[in-house]
Amino acid sequence: MYCRKNSIIRKKILAYYENNKRDLPWRTEQDNNQNPYFTLVSEVMLQQTQVNTALVYYKKFIKKWPNLNSLAQANIEDVLTMWSGLGYYSRAKNLLKAAKIINQKHNGIIPEKYEDLICLPGIGEYTASAIVSFAFGKFSVVIDTNIKRFITRVNGLNKNDMVNKLKFNEIGKKMFPKSNSGKFAQAIMDFSSDICTKINPSCTKCFLKNYCKFDLSLEKNYERKKVKKKFSVVFFYIFKNKYFFLKKRDISGTLGGMYEVPGTAWQLKSWPKPYIKFKSISALTKTIRYKLSNTDLHTKIYKVNVKNKDDIKDSGIWVSKSDLEGFPLSVLTKKIIMYCMNEK
DNA sequence: AACCCGGGGGC
DNA sequence: GCCCCAGGGTT
């Protein structure tokens with residue numbers, strides 16, 4: 001059934017986009033014909049990460065690996081080093097894996113079919129539909145949280161409406177334009193970051209205010225807040241002159257393949273064996289409280305000045321400050337190193 | 001210090 | 001569906 005309201009929304013959103021669209025480096029071609037590789041890299045970086053944060057990494061990444069083939073030849077340590085500080089490092093691993101699979105099974109060409117894309121590691125429903133419509137110009141209902149919020153607000157939905165994935169898709173199918181779905185999705189995202197923001201949306205100046213059933217009171221107390229889990233960890237900054245000791249984490253598991261100053265697991269039970277002997281000679285240097293999405297990390301840092309590098313009965317490497325940019329390090333590891341290096 | 005933003009994957 | 005992922009941002 002033809003819906004006049006959706007037609008007006010489409011027209012106004014697309015017009016807004018023409019005049020206000022963000023100038024982003026992956027939006028290189030026409031709106032439904034973006035470079036598929038640029039789309040892939042940017043959309044993976046934008047998973048759980050906001051545009052301004054991803055931008056710097058995106059530019060560095062594309063400069064180093066300008067096309068899919070070059071990325072497929074890369075090694076994981078270089079990709080993780082590039083990703084250092086961006087977080088959620090399994091994205092980097094999956095992106096490299098996906099590039100290698102595309103090289104082997106798809107002749108180096110990023111597949112155009114949703115069914116092929118969604119089989120690649122790190123590519124889920126959102127990213128697959130984004131590539132399909134942004135790069136290949138096919139109709140696809142792209143659903144991210146901005147678009148969910150938009151659909152919820154325009155239709156005045158509330159928590160009693162039991163809105164789930166299917167419902168969003170159903171509404172989206174009627175709302176997204178048949179020939180410009182990718183452009184429309186990107187338009188809503190820009191609109192959401194500018195006008196239809198989560199907090200304090202600019203409803204009074206919004207060009208859709210007469211077509212929107214949004215009621216601020218409906219949105220209050222939607223989510224209940226989660227309690228962050230607390231963990232205690234100990235790290236050892238072991239140094240001799242300007243060199244300090246780094247250990248590579250096992251490639252599988254959390255932060256796999258990243259380097260760190262050696263430490264305990266998240267639940268502190270006892271000091272790991274190679275470091276027990278430092279217990280008596282080192283004093284607590286610093287406690288850092290480091291908060292992430294779901295965790296509240298209490299880290300204790302011990303600085304240990306060793307006389308001989310052989311004192312460490314553990315596998316690892318000795319590096320100095322100037323070597324650091326060549327290694328994949330998490331933000332917390334960087335903080336610990338910076339603190340210990342600068343502290344007298 | 002207390003919130004907010006946010007997609008994939010494993011279960 | 002729900003939880004986790006070892007971030008970054010604003011107020």
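Of the 20 residues around DNA strand B, the nearest are Gln 48, Gly 122, Thr 127, Thr 145 and Lys 198; a residue counts as near a molecule or strand when one of its heavy atoms lies within 4 Å of it. Keep in mind that this is a predicted model: local features need pLDDT of at least 70, side-chain atom pairs count only at pLDDT 80 or more, and totals for chains, interfaces and linings use all residues. Residues are numbered from 1 along each chain as its sequence is written, chains are lettered from A and ligands numbered from 1 in the order in which they are written, and side-chain values use heavy atoms, with hydrogens and water left out.

**DNA strand B**

- Sugar and phosphate make up 67% of the strand B atoms that come within 4 Å of the protein.
- Gln 48 goes for a base: a polar atom of the Gln 48 side chain sits 2.5 Å from a base nitrogen of DNA strand B. (A polar contact is a pair of N or O atoms within 3.5 Å; within protein, one must be able to donate a hydrogen and the other to accept it, and residues adjacent in sequence count only if both atoms are side-chain atoms.)
- Thr 127 has a polar side-chain atom 2.5 Å from a phosphate oxygen of strand B, while Gly 124 places a polar backbone atom 3.1 Å from a phosphate oxygen of strand B.
- Helices α8 (125-134) and α9 (145-154) each give at least two residues to the surface near strand B. (Helices are DSSP runs of H or I with at least four residues, strands are E runs of at least two, and both are numbered from the N terminus.)
- By class, that surface has 6 nonpolar, 9 polar and 5 charged residues. (Ala, Val, Leu, Ile, Met, Phe, Trp, Tyr, Cys and Pro count as nonpolar, Asp, Glu, Lys and Arg as charged, and the others, Gly among them, as polar.)

**DNA strand C**

- Strand C has 21 residues around it, the closest being Gly 85, Lys 229, Thr 254, Trp 266 and Tyr 290.
- Of the strand C atoms within 4 Å of the protein, 54% are sugar or phosphate, and the rest belong to bases.
- An N or O atom in the side chain of Arg 249 is 3.3 Å from a base nitrogen of strand C.
- Backbone atoms face phosphate oxygens of strand C at two residues: Leu 255 at 3.0 Å and Tyr 89 at 3.5 Å.
- β1 (229-240) and α13 (331-342) each supply at least two residues of the surface near strand C, which has 11 nonpolar, 8 polar and 2 charged residues.

**Domains**

- Chain A is assigned domain 1 (4-219) and domain 2 (229-342); the bounds come from an automatic or database domain assignment.
- The domain centres, taken over C-alpha atoms, are 37 Å apart.
- Across the boundary, 9 residues of domain 1 are in contact with 17 of domain 2, where contact means heavy atoms within 4.5 Å.

**Helices α3 and α5**

- The axes of α3 (residues 51-64) and α5 (residues 76-83) come within 10 Å and cross at roughly 150°. (Axes are lines fitted to C-alpha atoms, for helices over the stretch in contact, and angles run from 0 to 180 degrees between N-to-C directions.)
- That crossing makes α3 roughly antiparallel to α5, a label for angles over 145 degrees.
- Tyr 57, Lys 60, Phe 61 and Lys 64 of α3 meet Val 79, Met 82 and Trp 83 of α5.

**Phe 136**

- Phe 136 lies in the loop between α8 and α9.
- Leaving out residues up to four places away in sequence, Phe 136 touches Asn 32, Pro 36, Ile 110, Pro 111, Glu 112 and Ile 131.

Methods. Angles under 35 degrees count as roughly parallel, over 145 as roughly antiparallel, 65 to 115 as roughly perpendicular and the rest as oblique.
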